[in-house]
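Colleague: I have a few labels to check with you. Can we take them one by one, with the reasoning spelled out?

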Amino acid sequence: MKMGTALIYDEEMTKYKLLWVDPACKIEVPERLTVSHDALVRNSLADRCVAIPVREATDAEILLAHSEEYLEAVKKTPYMTLEDLKEFTLQYGDVYFHPNIYHCAKLAVGAALQLVDSVVTGKVRNGMALVRPPGHHSMRSAANGFCVFNNVAIAARYAKQKYGLERVLIVDWDVHHGQGVQYCFEDDPSVLYFSWHRYEHQKFWPQLRESDYDSVGKEKGAGFNINVPWNKVGMENSDYLSVFCHLLLPVAYEFCPDLVLVCAGFDSAIGDPEGEMCATPDIFAHLTHLLMNLAGGKLCAVLEGGYNLTSLPQAVCQTVQTLLGDPLPQPANLSGPCTSALESLHCVRSAHRPYWSCLKHAADLPTSDISTKRIKLAEEEEEKTPKEEEKSTEEKVWPEPPKRVAPPVRSVALLPKDVTCPEGCKRFSSSEALDPLTVSKLRENFLKDADDGDALTTLSSLISITEEMKKNEICSGLALVRDVTMAMMCVVQHAAAALSNRVLVVCVGNGKVPSHIAEEGKALVVQIGSESTEEQKCKYYIPVCLKKGCSDMSGFIQAVFGLFLPLGYEYDPSLVLLVRMPDSRIHDRMWQQLTALLQSFAQGHTLVLMQEDEKACVGPTASSLLGDPAPPLERLQAPLPQDMEAMERLRHRLQADWKLLQITAPESG
Ligand SMILES: NCCCNCCCCCC(=O)CS
Ligand SMILES: [Zn+2]
């Protein structure tokens with residue numbers, strides 16, 4: 001049954017601010033929280049959430065990540081004069097104290113712990129805590145980067161201690177490196193910390209050598225710390241999605257966490273004076289969605305940074321709206337990752353090759369001298385060419401994120417009469433008859449015997465469903481049909497021709513897929529099975545072969561992240577047709593993961609076709625279409641080398657046409 005989304009916020013955390021002049025700290029203002037919460041209220045998102053009260057963290061909880069002497073020192077700050085506070089602040093970097101900041105810092109930790117309790121006990125499915133001060137820079141005995149206590153690090157330790165969780169994933173999409181989190185867990189294999197951050201070859205704050213991609217963790221924790229340095233500003237949506245698809249998600253699924261914590265900083269969004277990146281607020285809807293099927297959906301997002309008072313609230317709303325299960329926005333401007341991002345991606349994948357079986361086939365590191373020399377050359381080159389005056393971040397403009405309207409009907413089911421309709425789904429019965437022209441075309445094009453009334457009804461119903469999707473009256477649907485291939489042909493033909501849709505067709509299992517439907521590019525057909533179907537005929541028909549077939553979960557999930565998702569994002573369809581071919585042998589859990597992840601595209605307009613005898617799949621498919629998190633896959637063993645090599649060759653061949661398939665910079669080959 002559908003559980004809610006927690007929202008944890010208390011205006012007490014707005015009651016501290018900078019009391020003196022300090023240029024480095026002036027951006028960290030109370031308004032960051034008020035504009036974010038006001039936007040959630042204004043967009044009717046707050047009242048759709050479960051409001052959970054904050055509480056103060058106890059000393060014991062704070063001591064999970066901090067030293068006693070540090071806590072004792074911070075405890076004295078409420079009684080300090082302004083001069084004492086200034087003096088006290090001097091011992092730390094890029095942070096300020098205030099008589100009420102200790103109280104607020106305890107509430108920020110308490111808010112994160114309340115969120116963990118609500119999600120882990122199942123009171124809610126997921127949630128977000130809007131807090132300040134942020135946490136990910138604070139260290140065992142030091143405040144830093146606006147942070148006093150490490151909210152998320154404490155939450156991870158708390159979750160493991162109180163609930164006996166074995167594995168916690170921390171995703172830090174803030175634009176700064178959460179060095180405090182890295183130090184906390186770098187020798188701990190039970191906490192996987194992933195962070196991307198503005199780095200500029202160590203020139204950007206906090207200018208730490210250990211923020212680079214080669215900090216992979218220590219001793220038993222080797223492999224469980226992943227740093228993606230952004231060596232240029234201006235990173236866009238494509239750069240973020242490429243790192244998720246080709247690095248974070250494969251590793252995260254292999255890690256198979258019991259809980260996902262997000263250091264949800266939005267200074268990585270366009271317009272932020274710290275990040276100077278160009279990713280638009282709607283991308284956070286996709287980043288959130290891509291993490292929501294890990295850990296059975298147990299996801300806790302805790303605010304970190306974010307200083308542009310326009311993009312911050314927009315990104316917060318995009319994140320919360322996705323946590324609530326609303327359809328995703330069409331991703332904006334995917335032009336393919338930039339060279340610098342590809343270099344970073346390549347370096348990180350190579351550095352982590354020894355630790356993750358999904359990366360075992362990552363190409364070698366670009367030999368270091370070439371890479372640094374090339375980068376030096378590139379920079380000298382850049383120095384020469386006069387940079388056109390960059391707009392300051394404050395003048396940056398971007399379109400309002402698109403309204404994400406949930407259609408009146410979430411999901412329909414086209415089923416034989418004897419099959420019960422899953423709860424939450426609406427049984428589809430073609431109410432209005434189709435126009436006679438369409439009917440006659442169906443007869444002549446698709447029906448083996450023209451008098452097959454049932455087949456005609458099924459096909460015309462499928463067409464009606466695609467039309468109602470087009471009008472956004474229905475979000476998604478599933479259908480049990482006698483012949484999936486004929487049904488697929490019919491839907492693609494109609495959708496591509498009549499509705500000028502771009503249709504992404506995902507065929508799971510062997511079976512002849514008439515590739516002519518892909519010819520003119522109105523449909524992109526990807527097929528995954530156990531037979532190496534005839535060589536890839538054209539740019540729009542892409543067969544993926546797994547030696548052991550679709551029952552091989554680790555090979556399958558690599559195809560999903562390494563191929564299907566990047567292709568889908570780049571193709572940007574307005575309809576997704578998911579076809580379960582007869583005897584595909586795919587596991588239900590993998591099927592549910594795929595059904596959930598494909599809703600990244602086409603604002604969730606997914607139509608699932610299954611053979612009539614697969615009645616048992618109706619329930620699980622419906623729950624994924626209704627937005628329930630897919631159950632976690634078991635821990636994945638290594639994918640077959642020959643499968644990975646085949647996918648590597650396929651990716652290499654296709655990346656010229658499909659930029660999001662690239663994982664290395666062009667010249668490094
Ligand atoms: N503008 C370039 C100078 C860098 N200033 C760094 C100030 C600390 C930022 C910490 C932060 O944002 C936490 S998420
Ligand atoms: Zn930050």
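Colleague: What makes the pair between Glu 274 and ligand 1 a polar contact?

Modeller: This is a predicted model, to begin with. A nitrogen atom of ligand 1 is 3.1 Å from an N or O atom in the Glu 274 side chain. The cut-off for a pair of N or O atoms is 3.5 Å, so the pair counts as a polar contact.

Colleague: How do you know that His 176 makes a polar contact with an oxygen atom of ligand 1?

Modeller: Same test. The distance from a polar side-chain atom of His 176 to that oxygen atom is 3.3 Å. That is within 3.5 Å, so it counts. Tyr 307 has a polar side-chain atom 2.8 Å from an oxygen atom of ligand 1. That pair is also within 3.5 Å, so it qualifies.

Colleague: Which residues are the closest to ligand 1, and how many surround it?

Modeller: There are 14 residues around ligand 1. The closest are His 137, Asp 174, His 176, Glu 274 and Tyr 307.

Colleague: Now the helices. Why are α16 and α19 called roughly parallel?

Modeller: Their axes cross at roughly 15 degrees. Angles under 35 degrees count as roughly parallel, so α16 and α19 get that label. The helices span residues 553-571 and 641-654, and their axes come within 11 Å. The crossing is right-handed.

Colleague: Which residues of α16 and α19 meet?

Modeller: From α16, Gly 555, Gln 558, Ala 559, Gly 562 and Leu 563. From α19, Met 644, Met 647, Leu 650 and Arg 651. By class, this contact has five nonpolar, three polar and one charged residues.

Colleague: Why is α17 called roughly parallel to α18?

Modeller: The axes of α17 (residues 588-597) and α18 (residues 618-625) come within 8 Å and cross at roughly 30 degrees. That is under 35 degrees, so α17 is roughly parallel to α18. Their crossing is right-handed. On the α17 side, the contact is made by Asp 588, Trp 591, Gln 592, Thr 595 and Ala 596. On the α18 side, the residues are Pro 620, Thr 621, Ser 623, Ser 624 and Leu 625. They divide into four nonpolar, five polar and one charged.

Colleague: Now the backbone. How do you know that the peptide bond from Arg 132 to Pro 133 is cis?

Modeller: Its omega is near 5 degrees. Pro 133 sits in the loop between β3 and α6. The bond from Trp 205 to Pro 206 is cis too, with omega near 0 degrees. Pro 206 is in the loop between β5 and β6. Most peptide bonds are trans.

Colleague: What makes Ser 44 worth listing?

Modeller: Its phi is near 55 degrees, a positive value in a residue other than glycine. Most residues other than glycine have a negative phi. Ser 44 lies in the loop between α1 and β2.

Methods. Residues are numbered from 1 along each chain as its sequence is written. Chains are lettered from A and ligands numbered from 1 in the order in which they are written. This is a predicted model: local features need pLDDT of at least 70, side-chain atom pairs count only at pLDDT 80 or more; totals for chains, interfaces and linings use all residues. Side-chain values use heavy atoms; hydrogens and water are left out. Axes are lines fitted to C-alpha atoms, for helices over the stretch in contact, and angles run from 0 to 180 degrees between N-to-C directions. Helices (H or I, at least four residues) and strands (E, at least two) are DSSP runs, numbered from the N terminus. Angles under 35 degrees count as roughly parallel, over 145 as roughly antiparallel, 65 to 115 as roughly perpendicular and the rest as oblique. A crossing is left-handed if the near helix is turned anticlockwise from the far one by less than a right angle, and right-handed if clockwise. Contact means heavy atoms within 4.5 Å. Ala, Val, Leu, Ile, Met, Phe, Trp, Tyr, Cys and Pro count as nonpolar, Asp, Glu, Lys and Arg as charged, and the others, Gly among them, as polar. A residue is near a molecule or strand if one of its heavy atoms lies within 4 Å of it. A polar contact is a pair of N or O atoms within 3.5 Å; within protein, one must be able to donate a hydrogen and the other to accept it, and residues adjacent in sequence count only if both atoms are side-chain atoms.
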